[in-house]
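User: I am new to this structure and would like a close look at a single part, the strands and how they pair. Please also place that part within the rest of the chain.

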Amino acid sequence: MNDLNLFAAEDSSTIVWIVGVVVFLGVLVFFAVFARFAGLWIQCKMTNAKISFPNLVMMTIRKVNPTIIVRSKIMAIQAGVTRTYDISTRDLEAHYLAGGNVPNVIRALIAAQRAKIDLDWQSAQAIDLAGRDILDAVRTSVYPKVIDCPDSRKTNSTLDAVAGDGIQLNVRARVTVRTNLKQLVGGATEETVIARVGQGIVQAIGSTDSYKKVLENPDKITQIVLNEGLEKQTAYTIVSIDIADVDVGENIGARLQADHAEAEMRVAQAKAEQRRAEQKAREQEMVALTQENRAKVVLAEAKVPQAIASAFRSKKMGLMDYYELKNVQADTKMRDAIATPEREMTPSS
């Protein structure tokens, strides 16, 4: 009986010890969790952020950074943004989980509210999730920025345009733009604005009769470009276009005329060479034809003795006729020798 009581006492003491350890660990975990979130929870209570302590713990479980959410919510409350837009803690968490920059969006809403720019929470989220810097966009809406045209970091430092008189002008322009928040999502970037402005300047200079008019009044060029509405379907509104520098380049018209004249000269030379080659070939054809005719004469002369022999055999020609023929031939050669100059006889001899 005593042994049973002893075993029962030992079991009860073990249970009590285990329970005590579990309670101690629970208290330790509670204090650890409380110590981690106590500062954020106190901030929420002091600023009326309406974020409970369990919600802070659940944020960690949902892989949400509670510090970012709490500070963003406090920032919105202190700035009075929540009085205009209904931004809940769930909205902030959802935007964080979607990969958005929550503090940047809140700062952009505060800046837009201060500047009286029409920007709501949904639009700010969409712009941020689209990869655009919403805070920089709001700042650019308040304070327009200046961009160089062309961008010297990517292309040539000047725009090369040719006026109507063939003179090349090297132009550098500065474009002042303001962000259009309504077209920020889906609108073209500043690279498109630079390209359109550059195209407009080149086209405007090309339609000018003389480069002197551009040098005298470059404002006309910028006014023509502004009237074309180059900011359509872009994320910016063009405030102004200013010609920063204009340099006179080459005389493209004269160079083109010189190239054209040189090309025509080469064509003429080629045609003359073709005609010379044709005449040379014709000359060779005539030489061959002369040789052919001479061969025919030789062949004809070779038939004369045969004809004479045939005449002797047929008794149509007598001996006296033959001598008379020889005398005629000799007389003919003598006459040819007298009539032919000595310089012409030398080759044949």
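Analyst: A good place to begin is the pairing of strand 2 with strand 3 (residues 167-179), where 4 bridges join the two and the strands run antiparallel. Please keep in mind throughout that this is a predicted model. Within this pairing, D160 has N170 of strand 3 as its bridge partner, while V162 is matched in strand 3 by Q168. The two strands form a hairpin with 4 residues between them, and in the turn G166 has a positive phi of about 90°.

Strand 2 itself, which covers residues 159-162, has two faces that can be told apart: L159 and A161 lie on the covered face, whereas D160 and V162 lie on the uncovered one. The two residues whose partners were named above, D160 and V162, therefore belong to the uncovered face of strand 2, given that a covered face and an uncovered one are assigned there.

Strand 3 also pairs with other strands. Strand 1 (residues 145-149) pairs with strand 3 in the antiparallel sense, over 5 bridges, and in this pairing K145 stands opposite V177 of strand 3. Strand 4 (residues 236-251) is likewise paired with strand 3 in the antiparallel sense, here over 12 bridges, and V177 turns up again, this time opposite I238 in strand 4. V177 thus has K145 opposite it in one pairing and I238 opposite it in another.

How many of the 13 residues of strand 3 are buried? The count is 10, so strand 3 is largely enclosed by the rest of the structure. For the chain as a whole, 28% of the 349 residues count as buried.

To place the strands in their setting, the chain has 14 helices and 4 strands in its secondary structure. Among contacts between residues at least 6 apart in sequence, 69% join residues at least 24 apart.

Some of the helices pack against one another, and three such pairs can be described in turn. Helix 2 (residues 53-61) and helix 3 (residues 66-79) have axes that come within 9 Å and cross at roughly 130°, and the two helices are therefore oblique to each other. Here L56, M59 and T60 of helix 2 meet P66, I69 and V70 of helix 3, a contact whose residues divide into 5 nonpolar, 1 polar and no charged.

Helix 6 (residues 102-114) packs with helix 8 (residues 134-142) at an angle of about 15°, the axes being 8 Å apart, which makes helix 6 roughly parallel to helix 8. The crossing of helix 6 past helix 8 is left-handed. On the side of helix 6 the contact is made by N104, V105, R107, A108, A111 and A112, and on the side of helix 8 by I134, L135 and V138; by class, these are 7 nonpolar, 1 polar and 1 charged residues.

Finally, helix 9 (residues 190-206) and helix 11 (residues 219-226) pack at an angle of about 125° with their axes 9 Å apart, which makes helix 9 oblique to helix 11. Helix 9 passes helix 11 in a right-handed crossing, and V197, G200, I201, A204 and I205 of helix 9 meet I221, I224 and V225 of helix 11. By class, this contact has 7 nonpolar, 1 polar and no charged residues.

Terms used:
Residues numbered from 1 in each chain as written. Predicted model: local features only at pLDDT ≥ 70, side-chain atom pairs only at ≥ 80, totals over all residues. Heavy atoms only, no water. Axes fitted to C-alpha atoms, helices over the stretch in contact; angles between N-to-C directions. Parallel < 35°, antiparallel > 145°, perpendicular 65-115°, else oblique. Left-handed = near helix turned anticlockwise from the far one by under 90°. Contact = heavy atoms within 4.5 Å. Nonpolar A, V, L, I, M, F, W, Y, C, P; charged D, E, K, R; others polar. Buried < 20%, exposed > 50% of the residue type's maximum accessible area, 1.4 Å probe, protein only. Pairing = 2+ DSSP bridges.
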